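Colleague: I'm new to this one and would like a close look at a single part, the nonpolar core. Could you put it up for me?

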Amino acid sequence: MTETRESKEVLLQLLEERNNRRKYNKFAYLFPDKDDVDERGVTIYNKLHYKKHIEFLQAGKHYVERAFIAANRVGKTLTGIYEVICHATGKYPEWWDGKRFNRPVTIWVAGDRGETVRDSIQRTLIGETEIGTGILPKDDIIKISALPGIPGAYGQYFIKHVSGGQSTIVIKTYQSGKNAFEGAAVDIIMLDEECPLDIYVECQMRVISTKGTVYLTFTPDSGLTDTVLHFLNGDAQKYVVMVGWDDVPHLDPTLKQQLLETIPPHLRDVKTKGIPYLGAGAIYNVPETDILVSPFQIPDHWPRVYALDVGWNRTAALWGAWNREQDIMYLYDEYYRAQAEPPIHAEAIKRRGNWIRGVIDPASRGRSQNDGLRLIDLYMDQGLSLYIADNAVEAGIYDVWTRLSTGRLKVFRTLQNWLKEYRIYRRDDKGKVVKKDDHLMDCLRYLVRSGMQVSDTMPVDDDDPATYNRRQSGGNLSITGY
């Protein structure tokens, strides 16, 4: 009897110790190698379920500028704070391949105003009712100090670093203005929720001398602001990941449906996919859910065509396949590259199928900057079969919109560059089309306005290597995979 009672007491002590470890060191149990269960019985999914979150963390190794643009409830703040703690403590997980510091660091974590910082960032860091129950390990907290003027809020955290030194986390608010972000040299800056662009630029100045990093985690509730456009401009030097409800496992279908019913229709893409709301400025206000489809094998009897928009800063091409029976155009492939000569672009285009005809930007009839030759001639000399596209802008936009709104234009969801442009294609406050980051949108107009007239089916007897490869692989192009 005594041994049984003692065994139970030992077991209870072990369980209590395990629960305390989890309670006061949640950081150690995040992004595990396999699914786990916390002290409340809630499943902690393994890191393979959070591919985009992990990619964002790893991207810090190569990118100074990063943005985690996301839907609500997908873990954007937690992911950002997780990186903060890695740097502050020096406790990087074994799988970590992101940016590292081998010394104590100075970190700024900023939010909109004191109350929201307290209720979101602070709660994630140290817990809601008991300090140490957040994801910052309790044993690593040396001291915390109050944030003046905000009841229950803390403004500075002093953290043990594995080197034996001490890291500092300083809380700031956008409400304090740009001046509050001037002067100091900082290693890491996390901006939780969207900040004004002038504050973001100032933060970039703070990390230059330390070779540090700045990153944002936010839901684009305010639409196409200057800050959002700064990241969605196609700049390869910036890392942007967009995370929606379908990218995380912890939101089950029933919960997602319940949440969806509480969101106004015009905000659903913002809240569930992290896609900026374009409002009245959107040129094509057809929801992505109505036009995106999963890739499939395109039948050989469907005519194909591509559109080409040329330029040194960006050359873009867009391929379409026409289901004539239902009069539906499917956009199935894209090409998007900057600062390369025509032979390089032409080779990539031919690899998609040398037999496919193209329509090209009328501006290509102008002279190239290098040798005065017409651009269209340079491309045709490379073996491309090209026709001049109709570049009537408003008529082309109307034709595209008509197809989109009637379900007669579909897009393979793999066309990520096309999607980026579609999301920000807009008019300014004077009603003019904003001519920026719209190369594939121009290609889209060329395809719909002119492409179907010159589209053609795959030749029955074709010696083109791309066609041969397609047949040998059971109907799939090696370039596109479908």
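Which residues in the largest nonpolar core touch the most other members?

Modeller: Sure, but first a word on what you're looking at. This is a predicted model, where local features need pLDDT of at least 70, side-chain atom pairs count only at pLDDT 80 or more, and totals for chains, interfaces and linings use all residues. Residues are numbered from 1 along each chain as its sequence is written, and side-chain values use heavy atoms, with hydrogens and water left out.

Now the core: it has 61 residues, and those touching the most other members are Y284, L308, L318, L331, W418 and L444. A nonpolar core here is a set of buried Ala, Val, Leu, Ile, Met, Phe, Trp, Tyr and Cys residues joined through side-chain atoms within 4.5 Å, and buried means under 20% relative accessible area (1.4 Å probe, protein chains only). Helix 14, residues 439-454, supplies the largest share of this core, 9 residues; helices are DSSP runs of H or I, at least four residues, numbered from the N terminus.

Zoom in on L331. Leaving aside residues up to four places away in sequence, L331 touches L318, W319, G320, L409, K410, V411, F412, L415, W418, L444 and L447, a contact being heavy atoms within 4.5 Å. There's also a second, separate core of 48 residues, with V84, V105, V117 and L136 among them.

Stepping back, 51% of the chain's 482 residues count as buried. Among contacts between residues at least 6 apart in sequence, 65% join residues at least 24 apart.

How values were computed. Buried < 20%, exposed > 50% of the residue type's maximum accessible area, 1.4 Å probe, protein only. Helix = DSSP H or I, 4+ residues; strand = E, 2+ residues; numbered from the N terminus.
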